[in-house]
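Hi everyone, thanks for making time for this. Have a look at the sequence and the structure on the screen, and then I'll walk you through a few places in it.

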Amino acid sequence: MIDSHFDPSTAEQRLYKAWEASGAFKPKDDPKAEAYSIVIPPPNVTGSLHIGHALNNTLQDILVRRERMRGKSVLWQPGLDHAGIATQMVVEQQMRAGGGNESRASMGREAFVERVWKWKGESGGVINNQLRRIGASCDWSRERFTMDEGLSNAVRKVFVQLHREGLIYRDKRLVNWDPVLETAVSDLEVENEERDGHFWHFKYPLADGETYQFPIAFDDDGKPTQWETRDYIAIATTRPATMLGDGAVAVHPSDARYAAIVGKMVLLPLADRPIPIIADEYPDPDFGSGAVKITGAHDFNDYKVARRHNIPLYVLMDSKARMADAEHVPPKYRQLDRFVARKAIVADMEAMGLLLMVEDRKISQPIGERSDAVIEPMLTDQWYVDAAKLAGPALAAVESGETKFVPESWTATYFQWLRNIEPWCVSRQLWWGHRIPAWYDADGNIFVEETEAAAKAAARAHHGRDVPLRQDEDVLDTWFSSGLWPFSTQGWPENTPDLQRYYPTSTLVTMFDIIFFWVARMMMFGIHFTGQAPFSTVVIHSRVVDEAGKKMSKSKGNIIDPLVLVDRFGADALRFTLAIAAGPGRDIRMSDKRVEGYRNFGTKLWNAARFTQMNECALWDDFDPAAVSHTLNRWIVSETVKTAHAVDAALDAHRFDEAGQALYGFVWNIYCDWYLELSKPLLNGEDEAAKDETRRTAAWALDHILRLLHPFMPYVTEELWGRLAEFGPARRNMLITEAWPQLDARLVDEAAAGEVSWVVDFITGVRSLRNETNVPASTRIPAVLVGADTPAEHRLERWQNEIDRLAKLDYSTTADAVPAGSVTFVLEGATVALPLKGVIDVEAERARLTREIERCGKEIETVDRKLSNQSFVARAPADVVAEQRERRAGYVTEQERYVAALERLAGV
């Protein structure tokens, strides 16, 4: 007998081990079976499961479990990313925590890399066990690591081939530089934060005693009416230390204020270096003074201006963001930290009378995600991929429909990024990662080869003799190796059977923030090296936020740990919560209450299964749903078919939310609340044929519920699948490998559906009116079917006992006229009247409803005052404004309900 409740804490681990031991996660070894494959977005080897991982992997698992049940040969490829920066930081922090003097520098490269491999073996990959806890059915026997031998070989081959094709090259360009980690970092590893800061307004004196007339007063039409003679141009900066690297001052070509001095020189203060005043489209004449200092080696926008005008680039800082020991930096500032240098420079400018003003304001600063350091744009020598050339075929694949985005709206984002793509910096100044396969001789010649032996042979061919070589110290950006993930994991560059069968993959599930960083790069590399796009469908899911709609962060203290939710409510509840909320274009608001609610959904299903088992509902032999005769059973067969088709349509469209809603409504409302309740007289009756048919039909419908719900809630469904067989025939398979429902639409009986829906509407309508008019739950009242047509009369006759029982009626009958003192509602073929005179205190109820209407009105007025305040709407966080609008909508709905109830009492 099924236990009184489901205990996830004991069942989940037992069931997962059984699935894995049975080989259910492995692809079906059937060459005739259609292949279906997904590659997991490889989590960092340092990572722990966060709520975003839980969402992403739940959606993938729903897809692979369904396709597995549909008979396909399913591969869900797992693996881990070596996470260059994150892993190196973890190991270095561990070494510092040890209390010794050991450091990366003191160990040397080879010993440090060995230490990282040791850490990986002992502590890395915790997240894989955490993914198991939420039910992820990956084929763990195929787990890959972006730095395993096979993937490392693929990385080297790709680098060498791209270099030979002229698509990888070395260049000096501006990068995001992290002065704590001392490496270039990607845009994804930089977060722009609003922080308190300043605008320093400085005078830059004109050289050679030049002056000009600067307008200081204007008429109503904006024409100057008064001027002053200036021997300087005013600029404003948030980073005074960078002024020592200025190569020019730029003004807009249309800015008449500065037309007379374009082409003149200013004498850069402190550095005493003459620099030109140039005209360029970049400055905004209406912002600040309209003049912009151009520091090409330390600002991305300035770099573009400097390149357009051939302005010299002065590198100001070393790898730790200390002022450089260079000729263009005055001696007193050399080797000072950039922020110490800032204070000294501002003080010196003020002492020279060149500080106009200091303006306090919020400044958007680039902050390193890992180090929390202010990122410094830095001009450095790096390796680059010519992404623009690789982007063409990746664009064409989406334009042609070979690869589709779901929702389709993300296609525009993909196009925008790829059509404006910049060269991709792929080198990182780290020790942990794929070391760049490039070797240098003493003359600076570069030999790019897959192995050191091949590089030595190339150098020998070049020089005619053996020469000493040193390998490039840098490693490749982590995204480089993960860009090869869909095909390198299947054995490329070898043309393996797995590569032939499971590449291209079927579906990629990921979040919108890495469309460019990962999706686009997989598209570029996949097409370039295999001739095929790596996936046919890219499913972009939403972001999980807290209950108030705010992004989760440690600083806000609103992080939701998915494993804590699993411990409290079970993995099924968490999975269903995430899936049913995963609609396109909206954040998923997560809270304990939501997960608890879907835990209750699982409990509802569990209790329904116990009810069917106690009532001996089972399929002892073949069951033909087309042969059932009772209207109630024909109805549940029809509803099961409709639900199966709705779930299929939703999942085919990757609308996990719609599939979840269809299942929730069917299980909770239709099967549990209505079918099982309406079936009780049949199960307890004397008609053995009807009883047997109902038992078999209830079991058949429940089996289909378990199959349809399994991808969403695998644990409770698998447990019930086995436990239900304790009374009934043994199961041939575990549920995970059972067949997905394929139900003929001809099983839908619209007549039966219409009749039972009529009964449900009757009972629901009575319950609603009782609730609206405050009729006590224990009070039984009559219901009168007024002006009923023949079908309605016959339906009442057939279902009268069930209607009276479930609607808590004293009796139900028919009449030609509405009894005095009744409230009514319209039902198909009749009007239903509930005589309430003498049942409730009508005047007291009217007074109560009036008070509720007034209360709602006051709440609406309060919210309206806030929303009509433009300052509130403009300054309040978006989630706060949205919450107020939601509150208003809720009060309006509530008020309308009370108004309708009051109107119904008009004739009582």
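Let me start with a question: is isoleucine 514 buried or exposed? Bear in mind that what you see is a predicted model. The answer is that isoleucine 514 is buried, because its relative accessible area is 14% and buried means under 20%. This residue is in the loop between strand E24, residues 505–511, and helix H16, residues 515–530. Setting aside residues up to four places away in sequence, isoleucine 514 touches Leu188, Trp479 and Val519. To give you a feeling for distances, take serine 638, which is 124 residues away along the chain from isoleucine 514: their C-alpha atoms are 43 Å apart.

Now let's zoom out to the whole chain. The protein chain has 908 residues, and 54% of them count as buried. There are 28 helices and 31 strands in the chain. Along the principal axes, the C-alpha atoms fill a box of roughly 110 × 75 × 55 Å. If we take the contacts between residues at least 6 apart in sequence, 78% of them join residues at least 24 apart.

On the surface side, the protein chain exposes about 40100 Å², and carbon and sulfur atoms supply 48% of that area. For those of you who think in electrostatics, the chain carries 106 positive and 132 negative charges, and the mean positions of the two sets are 2 Å apart.

Back to strand E24. Threonine 510 is in this strand. Threonine 510 has a relative accessible area of 2%, so it counts as buried. What does threonine 510 contact, leaving aside its neighbours within four places in sequence? The list is Asn56, Trp518, Val519, Val538, Val539, Ile540 and His541. You may recognise Val519, which isoleucine 514 touches too.

Just before E24 there is something to check if you set up a simulation. Tyrosine 503 and proline 504 are joined by a cis peptide bond, with omega about 0°. Proline 504 sits in the loop between helix H15, residues 497–502, and E24. Another cis bond runs from valine 406 to proline 407, and there omega is near -5°. Proline 407 is in the loop between strand E17, residues 404–406, and helix H11, residues 410–419.

While we are on backbone geometry, let's look at the loop between strand E12, residues 265–268, and strand E13, residues 273–279, where leucine 270 lies. Leucine 270 has a positive phi of about 70°, although it is not a glycine. Aspartate 272 is in the loop between E12 and E13 as well, and its phi is positive too, about 50°, again without being a glycine. Which of these counts as buried, and which as exposed? Leucine 270 counts as buried because its relative accessibility is 16%, whereas aspartate 272, at 57%, counts as exposed.

For a case in between, go to lysine 550. Lysine 550 is in the loop between strand E26, residues 544–545, and helix H17, residues 562–569. Its relative accessible area is 35%, so lysine 550 is partly exposed. Not counting residues up to four places away in sequence, lysine 550 touches Val545, Lys556, Asn558 and Asp879.

Let me finish with a pocket, the second largest one. About 1300 Å³ of space lies in this pocket. Of the 47 residues that line it, the closest to the centre are Thr238, Arg239, Asp299, Ile363 and Ser364. Among the elements that give two or more residues to the lining are strand E10 (232–237), helix H8 (300–309) and helix H9 (338–351). Which element gives the largest share of the lining? That is E7, with eight residues.

One residue in strand E7 is phenylalanine 202. Phenylalanine 202 is buried, with a relative accessible area of 0%. Leaving aside neighbours within four places in sequence, its contacts include Ile233, Ala234, Ile235, Met243, Val346 and Leu356. Alanine 236 is 34 residues from phenylalanine 202 in sequence, and the C-alpha atoms of the pair are 6.2 Å apart.

That's my tour, and I'm happy to take questions.

Key:
Residues are numbered from 1 along each chain as its sequence is written. This is a predicted model: local features need pLDDT of at least 70, side-chain atom pairs count only at pLDDT 80 or more; totals for chains, interfaces and linings use all residues. Side-chain values use heavy atoms; hydrogens and water are left out. Helices (H or I, at least four residues) and strands (E, at least two) are DSSP runs, numbered from the N terminus. Buried means under 20% relative accessible area, exposed over 50%, partly exposed in between (1.4 Å probe, protein chains only). Contact means heavy atoms within 4.5 Å. Accessible areas come from the Shrake-Rupley method with a 1.4 Å probe; for residues, only the protein chains shown count as cover. Lys and Arg count as positive and Asp and Glu as negative; His and the chain ends are not counted. The place of a charge is taken as NZ of Lys, CZ of Arg, CG of Asp or CD of Glu. On a 1 Å grid over the protein atoms alone, a cavity is a set of points where a 1.4 Å probe fits but cannot get out, and a pocket is an open set with protein on both sides within 12 Å along at least five of seven lines; lining residues have an atom within 4 Å of a point. Grid points are joined across faces, edges and corners, and a volume is the space filled by probe spheres set on the points.
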